[in-house]
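Subject: Structure handover

Hello,

Here is the structure we talked about handing over. Please open it alongside this note.

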Amino acid sequence: MEISDKELIKRFRNNDESAFEELVLRYQKKVYNTVLRMLSNLDDTSDITQEIFIKVYQNLEKFKGQSSFSTWLFSIAGNHCRDELRKRQKELKHRSLDSIAEERKETERVSNNSNYQPEESSIQNEQFRDIEIALSKLSIEYREPLVLRDIQGFTYDEISKILNLPAGTVKSRLSRARCKLRDKLSKISRRRKEI
C-alpha cells in the first residue's frame with residue numbers, strides 16, 4: 001500500500017529525509033513535463049525542475065495542508081515558471097534579433113525531436129510535434145491551465161487553487177486556450193500541406 005503524501009510530509013518533519021526523496025520520486029516526472037510544456041525549453045527543464053523541488057524542500061515546513069500537496073507543489077511550479085518567463089522577456093529586450101531568431105529555430109528543433117518513442121508511427125509523431133509547437137506559442141495565461149487540465153489531469157477546483165483564480169475564470173481560460181490551440185494547429189496543418 002502506497003504511503004500518503006500527508007504521511008510522507010509528517011515523516012519529513014520528523015527528520016526523515018527519505019520521505020522527501022519519496023515525494024520527489026512521486027512527482028518529479030509530472031513537474032518536469034509541466035515545466036517543459038510551460039517553458040518550451042528542453043535545455044532548462046531539468047534545472048528548473050530541480051529549483052522547484054529545492055523551493056519545496058525549503059518551504060515544506062510552512063505547508064499547512066489546506067490543499068493537497070500536489071496542488072501546493074504545482075502552485076509553486078507555476079509561480080516559478082511564470083517568474084522564469086518574466087525574466088526571459090526582460091532578457092529578450094537586451095538581445096539582438098539574430099540571436100532571438102537562432103534560439104527560436106533551436107527551440108522548434110527541440111520541440112520536433114522531443115522524447116518520443118521510435119516505435120510510434122510517423123503520423124502520431126507529427127501530431128505530437130504539432131501540438132508541442134502550437135502549445136509553445138500560446139501565452140502563459142492560456143498554456144498553464146491547459147497543461148494542468150488536459151496534460152496533468154488536475155480538476156477545475158485544483159487548478160483554481162494552483163492558479164489562485166476563480167473556477168469560472170479557469171473554465172473560461174481553458175475554453176479560450178483550446179480554441180487558440182485548435183487555430184494554431186490548423187495553421188500548422190495548412191503550412192504542412194503547402195510544402
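Contact here means heavy atoms within 4.5 Å. By that rule, among the contacts in the protein with a separation of 6 or more, residues 24 or more positions apart account for 58%. Please bear in mind that this is a predicted model.

Overall layout

The protein has 9 helices and 0 strands. Along the sequence the pattern reads α-α-α-α-α-α-α-α-α. There are 195 residues, and 36% of them count as buried.

The core

In soluble globular proteins, nonpolar side chains tend to be buried together. Here, the largest nonpolar core has 44 residues. Those with the most contacts inside this core are Ile52, Leu60, Phe69 and Leu73. Helices giving two or more residues to the core are H1 (5-13), H2, H3 (42-59), H4, H6 (122-136), H7, H8 and H9 (167-194). H2 gives the most, with 9 residues.

Phe69 is a good place to start looking. Leaving aside residues up to four places away in sequence, Phe69 touches Asp5, Ile9, Leu23, Tyr27, Val56, Leu60 and Phe63. One of these partners, Leu60, is also listed with Phe69 among the core residues with the most contacts.

Helix H1

Two of the partners of Phe69, Asp5 and Ile9, are also buried residues of H1. The full buried set in H1 is Asp5, Leu8, Ile9 and Phe12. These residues cover an arc of only 100° around the axis, so they sit on the same side of H1. An α-helix has 3.6 residues a turn, so residues three or four places apart point the same way. The face of H1 turned away from the buried side carries Lys6 and Lys10, both exposed.

What happens just after H1? Asn15 takes a positive phi of about 70° there. Asn15 is not a glycine. Its place is in the loop between H1 and H2. Asn15 counts as exposed because its relative accessibility is 70%, and the cut-off for exposed is over 50%.

Helix H8

H8 spans residues 156-163, and Ile159, Ser160, Ile162 and Leu163 are buried in it. Which way do they face? Seen down the axis of H8, the buried residues fall within an arc of 165°, so they line one face of the helix. Asp157 and Lys161 are exposed, on the face of H8 turned away from the buried side.

Ser160 deserves a separate look. This H8 residue counts as buried because its relative accessibility is 15%, and buried means under 20%. Ser160 touches Leu165, Pro166, Ala167 and Val170, not counting residues up to four places away in sequence.

H8 is followed by Asn164. Asn164 is found in the loop between H8 and H9. Its phi is positive, near 55°, in a residue other than glycine. At 69% relative accessibility, Asn164 counts as exposed.

A buried charge in H6

Is Asp130, in helix H6, buried or exposed? Asp130 counts as buried because its relative accessibility is 10%. Not counting residues up to four places away in sequence, Asp130 touches Leu185, Ile188 and Arg192.

Cavities

How many cavities of 30 Å³ or more does a search of the whole structure find? There are 2. The second largest cavity holds about 40 Å³ of space. Its lining is made up of Thr34, Met38, Phe74, Ala77, Gly78, Cys81, Glu144 and Leu148. Helices H2 (17-39), H4 (69-92) and H7 (140-151) are the elements that give two or more residues to this lining. H4 gives the most to the lining, with 4 residues. By type, the lining residues divide into 5 nonpolar, 2 polar and 1 charged.

Where to look

For a quick tour, begin at Phe69 and its contacts, Asp5 and Ile9 among them. Go on to Asn15, in the loop between H1 and H2. Then visit Ser160 in H8 and Asn164 in the loop between H8 and H9. Asp130 in H6 comes next. Finish at the second largest cavity, with Glu144 among its lining residues.

Best regards

How values were computed: Residues numbered from 1 in each chain as written. Predicted model: local features only at pLDDT ≥ 70, side-chain atom pairs only at ≥ 80, totals over all residues. Heavy atoms only, no water. Buried < 20%, exposed > 50% of the residue type's maximum accessible area, 1.4 Å probe, protein only. Arc of directions from axis to C-beta. 1 Å grid on protein atoms, 1.4 Å probe; cavity = no way out; pocket = protein on both sides within 12 Å on 5 of 7 lines; lining within 4 Å. Points joined across faces, edges and corners; volume = space filled by probe spheres on them. Nonpolar A, V, L, I, M, F, W, Y, C, P; charged D, E, K, R; others polar. Core = buried A, V, L, I, M, F, W, Y, C linked by side-chain atoms within 4.5 Å.
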